[in-house]
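Open the model in your viewer and keep the selection box handy. We'll go from stop to stop, picking one piece at a time.

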Amino acid sequence: GGTVIGSARCQDFRTREGRLKAARNLVKRGITNLCVIGGDGSLTGADTFRAEWSSLLAELVKVGGITAEEAKKSSHLNIVGMVGSIDNDFCGTDMTIGTDSALHRIMEIVDAITTTAQSHQRTFVLEVMGRHCGYLALITALACGADWVFIPESPPEDDWEDHLCRRLTETRLGGSRLNIIIVAEGAIDKHGKAITSDDIKSLVVKRLGYDTRVTILGHVQRGGTPSAFDRILVGSSLPPRPWGREGPGGVTPPSLSPQGSRMGVEAVMALLEGTPDTPACVVSLSGNQAVRLPLMECVQVTKDVTTAMNEGRFEDALKLRGRSFQNNWNVYKLLAHIRPPATKSGYTLAVLNVGAPAAGMNAAVRSTVRIGLIHGHRMLAVHDGFEGLAYGKVEEISWDRVGSWTGLGGSKLGTKRTLPKKYFEEISANISNFSIHGLIIIGGFEAFTGSLELMEGRAKYEELCIPLCVIPATVSNNVPGSDFSIGADTALNTITTTCDRIKQSAAGTKRRVFIIETMGGFCGYLATMAGLAGGADAAYIYEEHFNIRDLQVNVEHLTEKMKTTVKRGLVLRNERCNENYTTDFIYNLYSEEGKGIFDCRKNVLGHMQQGGTPTPFDRNFGTKMGAKAVAWITGKIKECSRHGRIFANTADSACLLGMRKRSLVFQPITELKEETDFEHRIPKEQWWLKLRPILKILAKYNIELDTSEKAHLEHVTRKRISLESNI
């Protein structure tokens with residue numbers, strides 16, 4: 001955590017004298033390329049420094065600080081910025097370095113507080129950072145299902161005290177034993193007056209008499225080890241978050257285009273390609289891609305947000321934050337404040353989980369149920385997947401029933417890998433018996449293949465001619481049509497944390513290599529991304545074939561590594577990467593070849609990768625996907641309705657909701673058959689394979705990286721317009 005090279009708010013650098021010293025230090029060391037990681041203050045200072053560079057060198061030559069020859073060699077300075085701020089308050093990038101880790105810290109505390117609040121029937125007011133930006137507060141509220149959230153961009157109405165008390169009372173009457181209120185430290189009312197945690201506590205105690213506690217999280221949000229996302233974000237590339245500001249539908253798609261995001265790599269490329277005429281740029285995250293934006297454009301838009309809030313133009317402030325920030329806000333209000341309408345739609349939706357459990361499934365079910373009820377639908381929960389649908393394990397599910405599901409791991413509905421083909425008659429009968437007009441199937445590869453079977457069954461069973469939507473949810477991240485699946489981020493963080501602890505155990509013994517087996521079936525996503533996040537020396541996967549010579553090279557590499565100061569190694573192996581080179585085989589090989597140089601230990605992580613509470617990402621990803629799926633299937637049911645009867649028999653009436661580059665896309669599942677390797681249960685093309693060379697470079701293998709595909713300079717306004725047109 002933190003920064004090993006240190007950080008400071010340098011007052012000297014604000015003066016020309018300070019910048020003269022800095023210029024001399026760089027020139028004397030022959031440095032002409034600078035990567036600045038910081039907030040808008042640091043990046044503004046960097047841009048000023050670059051603009052003054054020629055005059056600073058001239059002045060230094062004049063006073064004898066440097067020679068004319070030295071000035072000539074350092075005639076221009078290239079600067080690239082990367083935004084490091086836990087508040088995620090910098091416009092132009094979907095996610096700043098450190099934000100995801102801060103959300104992890106916050107959610108750990110919220111989960112812990114929730115248990116004590118339930119035990120004692122308490123109301124908790126939690127204050128999180130965000131003096132000028134409510135991002136952390138908003139995402140925390142979405143991730144924990146808070147009763148109320150206060151953010152500076154959208155102050156509450158003047159009678160908010162009455163609304164808040166009424167909301168808390170409704171929650172208690174609905175059977176909840178606790179209330180959670182999230183407050184950004186910069187929360188204000190419409191007149192610019194601060195709304196503090198103590199103000200809210202006093203209100204709740206005075207009006208409702210509830211036992212109320214205040215917790216101010218403070219600098220704990222900045223501490224701790226970085227999340228897997230933050231490690232991968234800067235070091236190489238990343239699976240982006242679903243709560244970034246610019247992603248379509250409020251979601252930052254967690255995939256990489258062919259050029260990849262490669263934030264760290266992209267920063268170096270931007271510096272090496274820089275010329276005196278190239279404006280200082282920020283390498284930022286836009287959807288699933290790295291883009292270069294003019295530094296000062298981003299700084300100016302960021303300042304415009306603060307100005308809009310100071311002047312009371314809160315709608316403008318929300319717009320400047322980006323479409324996705326607004327979508328996050330709107331989804332939160334829907335799930336927390338809107339109640340099901342009195343008039344019903346007359347339609348019934350059923351939701352079920354299929355395949356192995358994955359963290360975030362419950363968040364997706366909660367969102368699906370509540371958004372469905374808001375649309376006026378009757379919502380049914382199916383227990384135990386397709387088998388439960390066949391056996392009639394179906395029940396109506398209410399708004400309050402799913403209230404606390406967001407932070408729960410596993411699957412509350414129960415899930416099985418059973419496919420539907422052998423149960424067509426029973427499933428058709430129950431679809432008719434329960435008057436089901438649409439199915440939302442949340443699960444992994446079995447959810448995809450099971451839905452294909454339902455499509456095939458339409459020819460014989462008319463009851464199967466209803467719209468259905470698949471939401472990918474599996475730790476393996478192997479569902480075609482989507483670059484990311486619910487549950488994969490939680491599994492990745494579990495593996496990364498475990499690897500940290502395992503490596504730490506070697507701190508005293510030295511010269512030890514750990515062989516760790518990860519899940520994923522034939523899909524090497526977890527092994528590769530955990531390798532990047534955990535600093536692995538090698539990651540063996542099915543998609544990248546290897547032989548005994550490759551294993552020999554890895555052993556030799558580790559032998560050389562043991563001669564350095566880092567006397568430990570980490571090797572990851574995907575569970576089905578090779579039927580002959582098993583975990584035991586690799587362990588025995590390394591043990592034999594490393595005799596006298598290093599010893600080995602092996603760990604099979606197993607089902608711990610499927611357990612645990614979901615990460616902030618998986619909670620929000622599940623929430624957004626559920627909301628999006630219900631909106632789509634509602635439209636599709638209406639489209640397929642004829643004289644009070646639903647008949648959906650076209651390819652586009654059975655879709656998979658997937659993340660593709662910058663967009664959330666509904667794709668007919670029959671069209672995805674061509675993209676699928678059914679034998680090995682993986683997509684034929686997988687975006688993350690482009691990251692494999694970076695893993696080897698970071699492990700200090702002497703290989704080349706293909707840099708032919710790179711980001712180009714864009715503009716903040718133009719970027720926002722193009723992204724919003726995709727929503």
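How far apart are the end C-alpha atoms of helix 4? Select residues 99–120 and check: the ends are 31 Å apart, which agrees with the 32 Å that 22 residues should span at 1.5 Å a residue. (The expected span is 1.5 Å times one less than the number of residues; helices are DSSP runs of H or I with at least four residues, strands are E runs with at least two, and both are numbered from the N terminus.)

Before moving on, two notes. This is a predicted model, where local features need pLDDT of at least 70 and side-chain atom pairs count only at pLDDT 80 or more, while totals for chains, interfaces and linings use all residues. Residues are numbered from 1 along each chain as its sequence is written, and side-chain values use heavy atoms, with hydrogens and water left out.

Stay on helix 4 and colour its buried residues, among them Leu-103, Ile-106, Met-107, Val-110, Ile-113 and Ala-117. Buried here means under 20% relative accessible area, with a 1.4 Å probe and protein chains only. Just past the helix, click Gln-121, which has a positive phi of about 55 degrees.

**First sheet**

Now pick strands 3 to 6. They make an open, parallel sheet in the order 4-5-3-6; two strands pair if DSSP finds at least two bridges between them. Strand 4 (148–150) and strand 6 (212–216) are the edges, each pairing on one side only. From one strand to the next, the twist averages 15 degrees.

Zoom in on strand 3 (residues 123–128), which is joined to strand 6 by five parallel bridges. Thr-123 has Thr-212 as its bridge partner there. Next add helix 7 (residues 197–208): it touches strand 3, strand 4, strand 5 and strand 6, contact meaning heavy atoms within 4.5 Å. Its direction makes about 170 degrees with that of strand 6; axes are lines fitted to C-alpha atoms, for helices over the stretch in contact, and angles run from 0 to 180 degrees between N-to-C directions.

**Second sheet**

Jump to the open sheet with the order 16-17-15-18, also paired in parallel. Its edges are strand 16 (538–540) and strand 18 (599–604). Seven bridges link strand 15 (residues 512–518) with strand 17 (residues 568–574), and Val-513 sits opposite Gly-569.

**Last stop**

Colour by pLDDT, the predictor's confidence in each residue from 0 to 100. The average is 89, but residues 236–261 fall below 50.

Notes. Buried means under 20% relative accessible area, exposed over 50%, partly exposed in between (1.4 Å probe, protein chains only).
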